[in-house]
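Open the model in your viewer and keep the sequence panel beside it. This tour goes stop by stop: what to select, then what is there.

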Amino acid sequence: MSSQSTDPGDVYVKAGAVVFGLGALATLVTFVPLFLHLTPLPTAAYWLSMLMPAGFLSALTGLFVNARAQRRRVEPQA
């Protein structure tokens, strides 16, 4: 049994980190041809860069879910 407790938003944070990383990689790949004066990539490659803010939003949502869960654990039960 694991000694770490899993909060409800942990999945969102982990998935958001992966999606953010993929979006950051896509952003780097799409901007390199512009800096090296090569042929720009197709529009679909630029849409993959939108994974970066989507991953950030997912991770932020997970943090808020975890904060709410922690607040509910701390509040006295009336």
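The stops below start with the whole chain and then move through its elements.

**Whole chain**

Remember throughout that this is a predicted model. Color by pLDDT to begin. The chain mean is 89, and 90% of the residues reach 70 or more. Among the helices, look at two by confidence: helix α2 (residues 43-48) is lowest in the chain, at a mean of 91, while α1 is highest, at 94.

Switch to cartoon. The protein chain has 3 helices and 0 strands. Read from the N terminus, the order is α-α-α.

Now show the surface. About 6300 Å² is exposed, and carbon and sulfur atoms supply 71% of that area. Of the 78 residues, 19% count as buried. Turn on contacts as well. Among those with a separation of 6 or more, 72% join residues 24 or more positions apart.

**Helix α1**

Select residues 10-35, which make up α1. Put a distance between the end C-alpha atoms: they are 37 Å apart. The 26 residues should span 38 Å at 1.5 Å a residue, so the two values agree.

Which residues of α1 are buried? Highlight Gly 16, Gly 23, Ala 26, Thr 27, Thr 30 and Pro 33. What do they pack against? The buried residues of α1 pack against α2 and α3.

Next pick Ala 15, also in α1. Ala 15 is partly exposed, at 37% relative accessibility. Draw a line from its C-alpha atom to that of Gly 55: the separation is 7.3 Å, although the two are 40 residues apart along the chain. Gly 55 itself is one of the buried residues of α3.

**The nonpolar patch**

Stay with the surface and select Phe 31, Val 32, Leu 34, Phe 35, Leu 36 and Leu 38. Together they make a nonpolar patch of about 610 Å². Click on Val 32 within it. Val 32 belongs to helix α1. Its relative accessible area is 41%, which puts Val 32 in the partly exposed class, between 20% and 50%.

**Between α1 and α2**

Select His 37, in the loop between α1 and α2. His 37 follows α1 and has a positive phi, near 60 degrees. Why stop for that? Most residues other than glycine have a negative phi. His 37 is not a glycine, yet its phi is positive. The residue is exposed, with 72% relative accessibility.

**Between α2 and α3**

Move on to Ser 49, in the loop between α2 and α3. Is Ser 49 buried or exposed? Its relative accessible area is 11%, so Ser 49 is buried, the limit being under 20%. Show its surroundings. Leaving out residues up to four places away in sequence, Ser 49 touches Gly 23, Ala 26, Thr 27 and Thr 30. Gly 23, Ala 26, Thr 27 and Thr 30 are among the buried residues of α1.

**Helix α3**

Select residues 51-74 for α3. At 1.5 Å a residue, these 24 residues should span 34 Å. The end C-alpha atoms lie 35 Å apart, which agrees.

Color the buried positions: Gly 55, Ala 59, Gly 62, Asn 66 and Ala 69. They pack against α1.

Zoom in on Asn 66, in α3. At 11% relative accessibility, Asn 66 counts as buried. What does Asn 66 touch? Its contacts are Asp 7, Pro 8, Gly 9, Asp 10 and Val 13, again not counting residues up to four places away in sequence.

**The salt bridge**

Finish on a pair of side chains. How many salt bridges are counted? The count comes to 1. Select Arg 73 and Asp 7: their side chains meet in a salt bridge, at 3.1 Å from N to O. Arg 73 lies in helix α3 and Asp 7 in the segment before α1, so the pair ties together parts that are 66 residues apart in sequence. Arg 73 is exposed, at 51% relative accessibility. Keep Asp 7 selected and bring back Asn 66: Asp 7 is also one of the residues that Asn 66 touches.

Note on methods
Residues are numbered from 1 along each chain as its sequence is written. This is a predicted model: local features need pLDDT of at least 70, side-chain atom pairs count only at pLDDT 80 or more; totals for chains, interfaces and linings use all residues. Side-chain values use heavy atoms; hydrogens and water are left out. Helices (H or I, at least four residues) and strands (E, at least two) are DSSP runs, numbered from the N terminus. The expected span of a helix is 1.5 Å times one less than its number of residues. Buried means under 20% relative accessible area, exposed over 50%, partly exposed in between (1.4 Å probe, protein chains only). Contact means heavy atoms within 4.5 Å. Patches are made of residues with over 30% relative accessible area and no salt bridge: like charges are joined within 9 Å, nonpolar side chains (Val, Leu, Ile, Met, Phe, Trp, Tyr) within 5 Å. Accessible areas come from the Shrake-Rupley method with a 1.4 Å probe; for residues, only the protein chains shown count as cover. A salt bridge is a side-chain nitrogen of Lys or Arg within 4 Å of a carboxyl oxygen of Asp or Glu. pLDDT is the predictor's confidence in each residue, from 0 to 100.
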